[in-house]
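User: I'd like to go through a structure feature by feature. Could you give me the general idea each time, and then the case at hand?

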Amino acid sequence: MRFGAAVLRSYDSPFTVEEVNLDPVPADGEVLVRIAGTGMCRTDLAVRRSAGRSPLPAVLGHEGAGVVVETGGPHTGLSEGDHVVLSFDSCGHCRSCLAAAPAYCDSFASLNLFGGRADNAARFTDKAGGALAPRWFGQSSFAEYAVVAARNAVRVDPSLPVELLGPLGCGFLTGAGAVLHSFGVGPGDTVAVFGAGAVGLAAVMAATACGAETVAVDRYPERLALARRFGATALDAASGDLPGRIRRLTDGGARFALDTTASARLINDALRALRPTGHLGLVARLHTTLPLEPGVLDRGRRISHICEGDAVPGLLIPRLTGLWQAGRFPFDELIRTYPLADINEAERDCEAGRVVKPVLLPRAPSAGRPRGSTPRRATRENM
């Protein structure tokens, strides 16, 4: 089987859209999905800074969504024609997976970050027959098609705009999951979100949907404007005495804080902004030692890392689409679409902060749209 895909051949080269080969498809327990759209996540772009740990050449992309074309074996639970959102891979049988914590799978790093599944790896090649790294995050969805384990494909309502749903499998799932699962936010709670990118704004939307009071911190005025639109009080990251301002806005301190920036200064500010027994969650990967200032963990305050929003994708993704249909989680307002051929432009816009969530469309959109879906698109002007 041959189809188009965006290939990253070296850590400092642009993506090239090429013809790739996949044979055979699909194996037992897998499904073949025609990709309608796939989000670009900063984890995809971080491969360039992975110091050789992520093998290349590779087809990246791990926020795919599309339509099932073929199923492998009798136990996938999916059928041809099903609309699905693709999420991260997990083994399904380690202690964490069995405890409904697939983001903490014993094999998470090897399955998702450092090469993907070894089984049937040789079937994925470029046009000349050169090997491509096995499925990135179980997907490699910067492509027209992807073969995935049925375990990480979540069926969704076919009336939804499937080409926009891919980011619900990672970026939006992470921010919303941190609020809904890791923190268990409820009405009257207070949440401070540091970094108003895709993950942070998803957290803001989820907190607002829960009836919480939310403060968002960022350096980009356009993103602060989006945070205000979604119900948050917005503060510039360069403001003086951020912890004091947040404590005053939240009647003595936020109960929860979420950091998406990995900035040591902002992490310390977030801890100082918490009320006693408050909880700070970190979602960004730290690449250096994190110095904590004296006193920031006093009075029961705690800090933890949150992976993939502590989510079970098969449960959280339908919840988020339900909130979207109810007008309470307008994630589509963060999206700008690009043809797959424009993947390098999408990367530049993402790195420069000109777009919150790029979504790549592998093929031209169909003339019709599934009934009941009229998504609001973010425009270049409001990004």
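Analyst: Happy to. One term to settle before we start: a residue is buried when its relative accessible area is under 20%, exposed when that area is over 50%, and partly exposed in between. Keep in mind that this is a predicted model.

User: Let's try that on a helix. Which residues of α5 are buried?

Analyst: The general idea first: an α-helix has 3.6 residues a turn, so residues three or four places apart point the same way. In this model α5 is mostly covered, with 11 of its 12 residues buried. They are A198, V199, G200, L201, A202, A203, V204, M205, A206, A207 and A209.

User: And what span should α5 have, going by its residues?

Analyst: With 12 residues at 1.5 Å a residue, α5 should span 16 Å, and its end C-alpha atoms are 16 Å apart, so the two agree.

User: How do I read the nonpolar core, and which residues touch the most other members?

Analyst: In soluble globular proteins, nonpolar side chains tend to be buried together. Here the largest nonpolar core has 95 residues, and F142, F172, F329 and F331 touch the most other members. Our helix turns up again: α5 gives this core its largest share, 9 residues. There's also a second, separate core of 19 residues, with F194, V215, A254 and A273 among them.

User: Two of those Phe residues make me think of ring pairs. How many aromatic pairs does the structure hold?

Analyst: A pair of aromatic rings is described by the distance of the centres and the angle of the planes. This structure holds 9 aromatic pairs. Take F172 and F331: their ring centres are 5.7 Å apart and their planes sit at 50°, so the pair counts as tilted. F172 belongs to helix α4, while F331 is in the loop between α9 and β15, so the pair ties together parts that are 159 residues apart in sequence. Both F172 and F331 are buried.

User: What about F183 and F256: stacked or tilted?

Analyst: Stacked, because the ring centres of F183 and F256 are 4.8 Å apart and the planes are at 15°. F183 is in the loop between α4 and β9 and F256 in strand β12, so this pair ties together parts 73 residues apart in sequence. F183 and F256 are both buried too. Elsewhere, F88, F108, W136 and F137 form one aromatic cluster.

User: Now the empty space. How much of it lies in the largest pocket?

Analyst: Rolling a probe the size of a water molecule over the atoms shows where empty space is left. The largest pocket holds about 1500 Å³. Its lining has 50 residues, and R42, T43, T260, A284 and R285 are the closest to the centre. By class, that lining has 26 nonpolar, 14 polar and 10 charged residues. Elements that each supply at least two lining residues include α1, α3, α4 and α5, along with β10 and β16.

User: And what lines the second largest cavity?

Analyst: That one has about 50 Å³ of space. There are 10 residues around it, and P55, A58, A133, P134 and W136 lie nearest its centre. The class count for this lining is 8 nonpolar, 2 polar and no charged residues.

User: Last topic, the backbone. Which peptide bond is cis?

Analyst: The one from L56 to P57, where omega is near 0°. P57 is in the loop between α1 and β4.

User: Where does D251 lie, and is it buried or exposed?

Analyst: D251 is in the loop between α7 and β12. Its relative accessible area is 69%, so it's exposed. Its phi is near 55°, a positive value in a residue other than glycine. E308 also has a positive phi of about 55° and is not a glycine. E308 sits in the loop between β14 and α9, and with a relative accessible area of 7% it counts as buried.

User: And G252, where is its place?

Analyst: G252 is in the loop between α7 and β12. With a relative accessible area of 41%, G252 is partly exposed.

Terms used:
Residues numbered from 1 in each chain as written. Predicted model: local features only at pLDDT ≥ 70, side-chain atom pairs only at ≥ 80, totals over all residues. Heavy atoms only, no water. 1 Å grid on protein atoms, 1.4 Å probe; cavity = no way out; pocket = protein on both sides within 12 Å on 5 of 7 lines; lining within 4 Å. Points joined across faces, edges and corners; volume = space filled by probe spheres on them. Helix = DSSP H or I, 4+ residues; strand = E, 2+ residues; numbered from the N terminus. Nonpolar A, V, L, I, M, F, W, Y, C, P; charged D, E, K, R; others polar. Phe/Tyr/Trp six-rings, centres within 6.5 Å; stacked < 30°, edge-to-face > 60°. Buried < 20%, exposed > 50% of the residue type's maximum accessible area, 1.4 Å probe, protein only. Core = buried A, V, L, I, M, F, W, Y, C linked by side-chain atoms within 4.5 Å. Expected span 1.5 Å × (residues − 1).
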